[in-house]
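Me: I would like to learn how to read a protein structure, one feature at a time. Where do we begin?

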Amino acid sequence: MLRFASLASGSQGNCLVAQSLDLVGTTTVLVDCGLGLRDTERRLARIGLQPADVDAVLVTHEHGDHAGCVFDFAAAHDVAVFLTHGTLRALKAEGKVHDGIRTRPVRGEQAFAVGSMQVTPFTVPHDAAEPVQYRLSDGSACLGVLTDLGISTRHVENMLSGLSALVLECNYDRDMLWAGGYPKWLKERIGGPFGHLDNREAARLLASLERSKLKHVIGAHLSQQNNKPELARDALAAAVNCSPDWIGLATQDDGFDWREA
């Protein structure tokens with residue numbers, strides 16, 4: 001069985017939990033850890049986990065809302081960290097890497113295993129050193145995580161086809177972004193090809209996927225200033241011709257509770 005939950009999703013911190021359970025045992029990974037250490041621990045307890053349950057942290061890229069607590073958590077609880085060479089170099093340059101942490105190199109498109117979980121990183125266009133996102137599987141069900149990219153690509157869409165569950169960025173509504181109070185340079189960064197996905201582009205990506213096994217779609221990384229939950233839900237629902245109530249949302253305060261992929 002493969003199940004997943006979110007501790008938080010948004011510009012103030014992101015952390016997703018995925019867990020495979022079989023007759024041999026349980027494997028638990030975090031995808032990113034952008035919350036404070038104590039907040040991460042508290043939110044893990046909220047979904048019934050302890051830090052000792054976590055086998056690894058998979059890092060997508062070095063931005064603080066995704067990687068700000070990775071090495072603090074790893075140091076406190078002796079957890080291995082998987083990340084690309086570019087992400088590791090960027091975090092070292094920022095002074096965020098602690099000595100003695102078990103780091104494992106990740107390369108886009110090179111699959112590896114963490115316990116009973118199969119992990120496939122894939123490259124994405126985003127304004128970071130060497131960003132990846134992840135496809136996770138227990139050998140049967142498959143979860144895709146896609147939370148930071150400026151535009152979709154054919155490669156991204158191939159990696160996300162045939163999933164059981166998808167956590168998909170819906171960062172902003174384009175009209176709200178351009179009518180809002182952000183400076184022009186920041187609007188251009190967010191809305192550019194190495195920024196973030198808006199509701200419309202997320203829906204277009206979703207509509208392009210092979211979805212015959214898809215049981216869950218979760219909108220994630222919603223901007224609190226430049227989006228509204230109902231706009232993200234409506235866009236994704238229209239893409240798959242379903243009721244908006246079927247679309248889940250990952251929030252900054254609560255993430256979302258366990259779902260089985």
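**Reading the features**

Reply: We begin with one cysteine. Cys242 is partly exposed, because its relative accessibility is 24%. Keep in mind that this is a predicted model.

Me: Which cysteine sulfur is nearest to that of Cys242, and how far away is it?

Reply: The nearest one belongs to Cys170, 12 Å away, and Cys242 is in no disulfide. A disulfide needs two cysteine sulfur atoms within 2.5 Å. The sulfur of Cys170 has its closest cysteine sulfur in Cys242, at 12 Å, so the two are too far apart for a bond. A search of the whole structure finds zero disulfides.

Me: Is Cys170 buried or exposed?

Reply: Cys170 is buried, with a relative accessible area of 0%. For contrast, look at Ala238. It counts as exposed, at 62% relative accessibility. Ala238 sits in helix 9, residues 229-240.

Me: How far is Ala238 from Ala207, in sequence and in space?

Reply: In sequence they are 31 residues apart. In space, their C-alpha atoms are 8.8 Å apart.

Me: Now the sheet. How do I read the order of its strands?

Reply: Start with the general idea. Strands of a sheet pair through backbone hydrogen bonds, in a parallel or an antiparallel way. Here, seven strands form an open sheet in the order 6-5-4-3-2-1-14, and the pairing is mixed. Strand 6 (103-106) and strand 14 (256-260) are at the edges. Each has a single partner strand, so one side of each has no neighbour in the sheet. From one strand to the next, the twist averages 20 degrees.

Me: In which sense do strand 4 and strand 5 pair?

Reply: Strand 4 (residues 56-58) and strand 5 (residues 80-84) pair in the parallel sense, over three bridges. Find Val57, then look across to strand 5: Val81 stands opposite.

Me: Which strands do helix 1 and helix 3 touch?

Reply: Helix 1 (residues 37-46) packs on the sheet and touches strand 1 (2-8), strand 2 (15-21) and strand 3 (26-31). Its direction makes about 135 degrees with that of strand 1. Helix 3 (residues 70-77) also packs on the sheet, touching strand 3, strand 4, strand 5 and strand 6. Helix 3 makes about 150 degrees with the direction of strand 5.

Me: How many salt bridges does a search of the whole structure find?

Reply: Ten. One of them joins the side chains of Arg189 and Asp127, at 2.5 Å from N to O. This pair links distant parts of the chain, 62 residues apart. Arg189 is in helix 7 (residues 184-191), and Asp127 is in the loop between strand 8 (117-123) and strand 9 (132-137). Arg189 is partly exposed at 29%. Asp127 is partly exposed at 28%.

Me: With which side chains does Arg204 form salt bridges?

Reply: Glu157 is one partner, at 3.1 Å from N to O. Arg204 lies in helix 8 (residues 199-208) and Glu157 in helix 5 (residues 154-159), so this pair ties together parts 47 residues apart in sequence. Arg204 is partly exposed at 38%, whereas Glu157 is buried at 11%. Glu201 is another partner of Arg204, at 3.2 Å from N to O. Arg204 and Glu201 are three residues apart in helix 8, so about one helical turn separates them.

Me: Which residues do shared salt-bridge partners join into one network?

Reply: Asp39, Arg42 and Arg43.

Note on methods. Residues numbered from 1 in each chain as written. Predicted model: local features only at pLDDT ≥ 70, side-chain atom pairs only at ≥ 80, totals over all residues. Heavy atoms only, no water. Pairing = 2+ DSSP bridges. Helix = DSSP H or I, 4+ residues; strand = E, 2+ residues; numbered from the N terminus. Axes fitted to C-alpha atoms, helices over the stretch in contact; angles between N-to-C directions. Contact = heavy atoms within 4.5 Å. Buried < 20%, exposed > 50% of the residue type's maximum accessible area, 1.4 Å probe, protein only. Salt bridge = Lys/Arg side-chain N within 4 Å of Asp/Glu carboxyl O.
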